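Visitor: I am new to this structure. Please take one part, look at it closely, and then show how its surroundings are arranged.

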Amino acid sequence: MRYVVSDIHGEYGLFCALLERIAFSDGDVMFVCGDIIDKGEESVRLAKYISERDNIRCIIGNHELAFLKFYHSILETSPQDFDTVLQQLQDYFPNDGDLLDWETVDWLDALPEYIEDEDFICVHAGIPIEEDGSLRPLTEVETENLVYNRRFKEPGAVHNDPRCVFFGHTQTDCICGENKILGYLRPGVTRPKSIRDYYKVHLDTGAWSSGTLGCLCIDTLKTVYVKKRGK
């Protein structure tokens with residue numbers, strides 16, 4: 001099965017609980033639409049775990065982009081003192097920064113900006129929609145737009161690309177008042193049969209603030225949620 005999730009924000013235990021709930025196996029694939037770090041207490045542990053799984057594919061979010069900008073700014077001033085660079089990067093994560101190693105830094109630095117499939121596109125925040133309803137070609141969209149776009153989340157932001165767009169970035173409770181995954185069906189569709197029946201799916205369930213993390217099974221169209229105790 002294929003699954004998609006977004007904005008885990010350092011909630012390593014919650015993510016593991018989600019994988020257990022869906023019985024995630026080596027034959028499955030999970031797509032992560034960015035923002036795996038910051039806010040939660042186990043950002044580095046989560047990043048290391050995801051980086052070590054061949055069947056979990058992750059893209060960059062605005063929080064990863066902020067970290068990488070910090071990293072590259074350090075390299076501009078102390079490119080030869082890599083021990084000091086790593087120490088500064090570890091200090092970026094106040095809770096589990098001591099776990100950060102160069103392998104994880106390099107993995108974060110190599111994250112793609114988007115993932116394209118014949119049936120869907122994964123981005124962090126959104127894609128500009130042209131006047132004719134088409135999506136701007138991803139190769140022409142600046143990274144900052146992909147990770148900070150705030151217009152795409154609006155229910156009235158409708159595109160006509162045949163693929164479904166998965167995105168997160170802004171918590172869905174800002175739209176509907178609930179921490180749940182929002183799927184937007186194409187006009188005329190009442191009973192979806194495939195992911196293409198949705199033109200976009202909003203995935204950010206506010207894992208860090210609400211304690212709720214949800215994912216969508218791309219193949220069955222079913223949503224699954226786990227919730228942190230005490231939340």
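Guide: N62 belongs to helix α3, which covers residues 62-77. The model is a predicted one. N62 counts as buried because its relative accessible area is 10%, and buried means under 20%. Leaving aside residues up to four places away in sequence, N62 touches D35, H124, V147, Y148 and H169.

Another helix, α1, spans residues 12-21. Its buried residues include Y12, L14, F15, L18 and L19. These lie on the same side of α1, because the arc they cover around the axis is only 165 degrees. On the other side of α1, E20 and R21 are exposed. After α1 comes A23, with a positive phi near 55 degrees.

F15 also has a place in the largest nonpolar core, which holds 41 residues. The members that touch the most other members there are V5, I8, F15, M30, I36, I50 and L213. M30 can be followed further: with residues up to four places away in sequence not counted, its contacts are Y3, V4, V5, F15, L19, I22, F24, N55, I56 and R57. Two of the residues named for α1, F15 and L19, are thus found in the list for M30. A second core, separate from the largest, has 17 residues, among them F31, C33, F120 and I181. As a general matter, nonpolar side chains tend to be buried together in soluble globular proteins.

Note on methods
Residues are numbered from 1 along each chain as its sequence is written. This is a predicted model: local features need pLDDT of at least 70, side-chain atom pairs count only at pLDDT 80 or more; totals for chains, interfaces and linings use all residues. Side-chain values use heavy atoms; hydrogens and water are left out. A nonpolar core is a set of buried Ala, Val, Leu, Ile, Met, Phe, Trp, Tyr and Cys residues joined through side-chain atoms within 4.5 Å. Buried means under 20% relative accessible area, exposed over 50%, partly exposed in between (1.4 Å probe, protein chains only). Contact means heavy atoms within 4.5 Å. Helices (H or I, at least four residues) and strands (E, at least two) are DSSP runs, numbered from the N terminus. The arc is that of the directions from the helix axis to the C-beta atoms.
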